[in-house]
Structures are given as structure tokens and as C-alpha cells.
Amino acid sequence: MSDERILHHGRVTDRHGAGIGNALVYVVQGTAGTPEIAVKCDEAGHFRLALPPGHFRIEARSMAGAIGATEFEASQDHERIAIIIDE
């Protein structure tokens, strides 16, 4: 089993494209094991997440408790992760 992790960048936004600062981003489900941790977005909603290759469901929770989610294929392509929270 490989310990390879790929650093992916993403952003949490509202439905109008404004960044949601200080949201927590975490992996809910995946085809590869990940540590049970959350990363905190910066003030503009940007975050970084290191994932092994695989398919993942990633969620974000705003400070107000609203949740958004996306499905993501982690690979060498460095696709950006976009999560929309409808607050």
C-alpha cells in the first residue's frame, strides 16, 4: 500500500461565489484511508488538503453550521476542490 499523498487546493464559497472564511473541511468517505482531521479555511475560503489517490466525499461546515459537500477524484492532475455552502 502506498503512502503517497497529493496536495490539493480548494475553496469553500456561497452560491454567489463569495468565499466562506474559517469553514472546516473534512473527508466523510473515501476509497483510501485518510486521517480523521479537519482543515480550516482562510478568511477567503481557501484550503489545502493532502489526499492519497482515490475517490472522496468531502464536506465543509461554516461557522454558522451550514454544510456543503462535493465528490472528488484525487489524482496527480491537481484539480481544485470546490465546495458550495448554501447559507
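This report walks through the fold, the strand pairing, the core and the salt bridges of one chain.

**Overall build**

The model is predicted. The chain has seven strands and zero helices. Read from the N terminus, its elements run β-β-β-β-β-β-β. The radius of gyration is 12 Å, close to the 12 Å that the globule rule gives for 87 residues, so the chain is as compact as a globular protein of that length. Along the principal axes, the C-alpha atoms fill a box of roughly 40 × 25 × 20 Å. Of the 87 residues, 37% are buried. Contacts between residues at least 6 apart in sequence tell how the chain folds back on itself. Of these, 54% join residues at least 24 apart.

**Strands and their partners**

Strands of a sheet pair through backbone hydrogen bonds, either parallel or antiparallel. One open sheet here has three strands, in the order 4-1-7, and its pairing is mixed. Strand 4 (46–51) and strand 7 (81–84) stand at the edges. Each has a single partner strand, so one side of each is left without a neighbour in the sheet. On average, neighbouring strands of this sheet are turned by 30 degrees against each other, direction ignored.

Strand 1 covers residues 6–13 and pairs with strand 4 in the antiparallel sense, over six bridges. Within strand 4, A50 stands opposite L7.

Strand 2 (24–30) has two pairings to follow. With strand 3 (residues 38–40), strand 2 pairs in the antiparallel sense over three bridges. There, V25 has V39 in strand 3 as its bridge partner. With strand 5, strand 2 also pairs in the antiparallel sense, over six bridges. In strand 5, R57 stands opposite Q29.

**The interior**

The largest nonpolar core has 19 residues. Those with the most contacts inside it are V12, V25, F47, L49, L51, I58 and I83. Strand 4, strand 5 (54–61), strand 6 (67–74) and strand 7 each supply at least two residues of this core.

L49 shows what such a residue touches. Leaving aside neighbours within four places in sequence, L49 is in contact with I6, L7, H8, V25, V27, V39 and I58.

H8 deserves its own look. H8 sits in strand 1. Its relative accessible area is 1%, so H8 is buried, the cut-off being under 20%. Beyond its neighbours within four places in sequence, H8 is in contact with F47, R48, L49, L51, F72, A74, S75, H78, E79 and I81.

**A loop residue with positive phi**

Most residues other than glycine have a negative phi. N22 departs from this, with a phi near 65 degrees, a positive value. N22 lies in the loop between strand 1 and strand 2.

**Salt bridges**

Side chains of opposite charge can pair when their charged atoms come close. A search of the whole structure finds three salt bridges. The table lists them.

| Pair | Closest N to O distance |
|---|---|
| D86 and R15 | 2.3 Å |
| E71 and R57 | 3.4 Å |
| E59 and R57 | 3.8 Å |

Take the pair of D86 and R15. D86 lies in the segment after strand 7, and R15 in the loop between strand 1 and strand 2, so the pair ties together parts that are 71 residues apart in sequence. Both D86 and R15 are exposed.

R57 appears in two of the table rows, with E71 and with E59. E71 lies in strand 6 and R57 in strand 5, so this pair ties together parts that are 14 residues apart in sequence. Salt bridges that share partners join R57, E59 and E71 into one network.

How accessible is each member, and which of them is buried? E59 counts as buried, at 15% relative accessibility. R57 is partly exposed, with a relative accessible area of 29%. E71 is partly exposed too, with a relative accessible area of 44%.

Notes
Residues numbered from 1 in each chain as written. Predicted model: local features only at pLDDT ≥ 70, side-chain atom pairs only at ≥ 80, totals over all residues. Heavy atoms only, no water. Pairing = 2+ DSSP bridges. Helix = DSSP H or I, 4+ residues; strand = E, 2+ residues; numbered from the N terminus. Axes fitted to C-alpha atoms, helices over the stretch in contact; angles between N-to-C directions. Buried < 20%, exposed > 50% of the residue type's maximum accessible area, 1.4 Å probe, protein only. Contact = heavy atoms within 4.5 Å. Core = buried A, V, L, I, M, F, W, Y, C linked by side-chain atoms within 4.5 Å. Salt bridge = Lys/Arg side-chain N within 4 Å of Asp/Glu carboxyl O. Rg over C-alpha atoms; globule rule 2.2 N^0.38 Å.
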